[in-house]
Amino acid sequence: MAYVAVSGGEEAIAASIALLDFYRSKTEKDVELEVIQEKMSLLVDRVMSEAGLYAKEYAALALKQCEGSVEEAVFLLRAYRSTLKRSYDTYVADTKNMRIVRRISAAFKDIQGGQILGATYDYTHRLMHFDLKNEDAAKLHERMEEMVEGQEPVPMEPCGRVSDELKTEGLIERFPINEEPPYDVTENLLEFPASRSARLQTLTRADAGFISGLAYSVLRGFGQVHPTVGELRTGYVELEIPYLQQEGETLWIGEVMLTEVEVFNEAEDKDALKLACGYGAVFGRNENKAIAMAVIDRELDAGGDYPTQDEEFVLMHGDSLEMNGFISHLKLPHYVTFQSKLDAVRKTRRENNHD
Amino acid sequence: MEKRRLSKILAKADAAQVRQMAEKIRKQYEVTVIKAPEKSLTMIKMRDPVKETLFFLGEVIVCEAIVCLDGIKGMAVIMGDDFEKVLDMAIIDAACNKGVFTDEGLLVELEKAQQTRVEKENAMFMQTMVNFTTMTPEA
């Protein structure tokens, strides 16, 4: 396909961009970034995950700027991120020492460290709470603060993984520690076959809807059907980097909330009598995406004829920026290419009439 | 105090608390800014527990500053874009490196309060620990 540039329309385009504010101007009330950040936190988590950038306030600002459009917010964050240099890689963030706020297993009812439901919508009645229309936010804040302050402190204890116990029993394969530096899809084009690190980075940045749909297709029969969530854990992970002024010292730079999932499948090799695992890890409280990622990871390992088992199909079509950019370009002027299509149809019609 | 511990206490502290400690140092010593606070990215490295490979989860925005306190350097890096706080943290770090930081007791108090807060939050989450009972005997 050939591309032909168009020119003109500058004034109309400028007016169109200015008109975007019209839609944000329908109320005199402003939406504060803190409100978006703290009360729309699952939306913020989704945007950060798909942008590959953990920056709550910036994600909130991006959502404010684009009227809550996830793909536009992802675009804004990615564009902003590209203006910054990268100074550090963290030491390996240790999820074993995660400060857990939720941890469940669908495989075992009794797991070491216990199942912690945390805050979940899983067991809620999906009924509209109309009293929230006039909620006293200050009172809510005060009530929850009182609740926290009234607690008897409980020290955190690191929770071993469910899969560790199965590895000890020999029911899951144990792989040697691999220190190979990760492939970085933000700096290199994806190549196939993709390394495991490239796969995981691509999946964690993928559009939640895209990989959830793919995982759903697996459960409906277009794949290995029904994996079991061995463990889902959500919590805070501490980030550390080297302290450059003194060897051997580290700096604690902050913590990020993430969700990590391991799913268990039947063994590929029936004789080996071992379970196979898939892995997912995503920013925020974003558990369906983490489960979907783990399901897809396992499908890609298994290989086969289904779309979810095709590495190029899965990894090349789930990036929010790329997919929405390409779909969006269909709206832009295609006058020349469309004229040539139209000419071809007219020509064929003329030829047929002559016949 | 180890740098990990120092930086964790300061990063979690209110900017005003950090400012108070840094101001005391500013009044007594000459501070030269070697690297003015600026934003950059830090990539999070993780290990996948299934195949034990390393991979990149995503980036965080950090800000960083380096200062010199009467010839001794100090640095700070924190998530976010609070330039004033990161500069104050670098000054405190330099004071620690020079051996003239006098608010260690305050840091320990802050750490204790931060830890208590985290443990109180943890108590709420632990109250959601569940013990499911299966309705039919397990095979």
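N122(B) sits in helix α4 of chain B, and this is a good place to start exploring this predicted model. Is N122(B) buried or exposed? Its relative accessible area is 5%, under the 20% cut-off for a buried residue, so N122(B) counts as buried.

Which residues does N122(B) touch, once its neighbours within four places in sequence are set aside? They are I100(A), V154(A), P155(A) and M156(A). With V154(A) there is also a polar approach: a polar atom of the N122(B) side chain lies 2.9 Å from the backbone oxygen of V154(A).

**From one residue to the whole interface**

Let us step back and look at how the two chains meet. On one side are 63 residues of chain B, and they are in contact with 84 residues of chain A. The area buried between the two chains is about 7,000 Å², and carbon and sulfur atoms give 61% of that area.

Charged and polar partners appear here too. Between chain B and chain A the count is 12 salt bridges. One of the pairs that meet in a salt bridge is E149(A) with R117(B), at 3.5 Å from N to O. Across the interface there are 41 residue pairs in polar contact, with both residues at pLDDT 80 or more. On the chain B side, several elements each supply at least two residues, including α1 (3–12), β1 (31–47) and α3 (83–98). Which element gives the most? That is α4(B), with 12 residues, the helix that holds N122(B). By class, this side of chain B has 27 nonpolar, 13 polar and 23 charged residues.

**Strands within and between chains**

Strand pairing is found both across the chains and inside chain A. The table sets two pairings next to each other.

| Strand | Partner strand | Bridges and direction | Opposite residues |
|---|---|---|---|
| β4(A), residues 115–116 | β4(B) | 2 bridges, antiparallel | Q115(A) and V130(B) |
| β3(A), residues 99–104 | β5(A), residues 228–242 | 5 bridges, antiparallel | R102(A) and T234(A) |

Where does β3(A) stand with respect to the rest of the structure? Of its 6 residues, 6 are buried, so the strand is largely enclosed by the rest of the structure. The strand covers residues 99–104 of chain A, and I100(A) is one of the residues in contact with N122(B), which brings us back to where we began.

Conventions: Residues numbered from 1 in each chain as written. Chains lettered and ligands numbered in written order. Predicted model: local features only at pLDDT ≥ 70, side-chain atom pairs only at ≥ 80, totals over all residues. Heavy atoms only, no water. Contact = heavy atoms within 4.5 Å. Buried area = accessible area lost by both parts, 1.4 Å probe. Salt bridge = Lys/Arg side-chain N within 4 Å of Asp/Glu carboxyl O. Polar contact = N/O pair within 3.5 Å; in protein donor to acceptor, adjacent residues only side chain to side chain. Helix = DSSP H or I, 4+ residues; strand = E, 2+ residues; numbered from the N terminus. Nonpolar A, V, L, I, M, F, W, Y, C, P; charged D, E, K, R; others polar. Pairing = 2+ DSSP bridges. Buried < 20%, exposed > 50% of the residue type's maximum accessible area, 1.4 Å probe, protein only.
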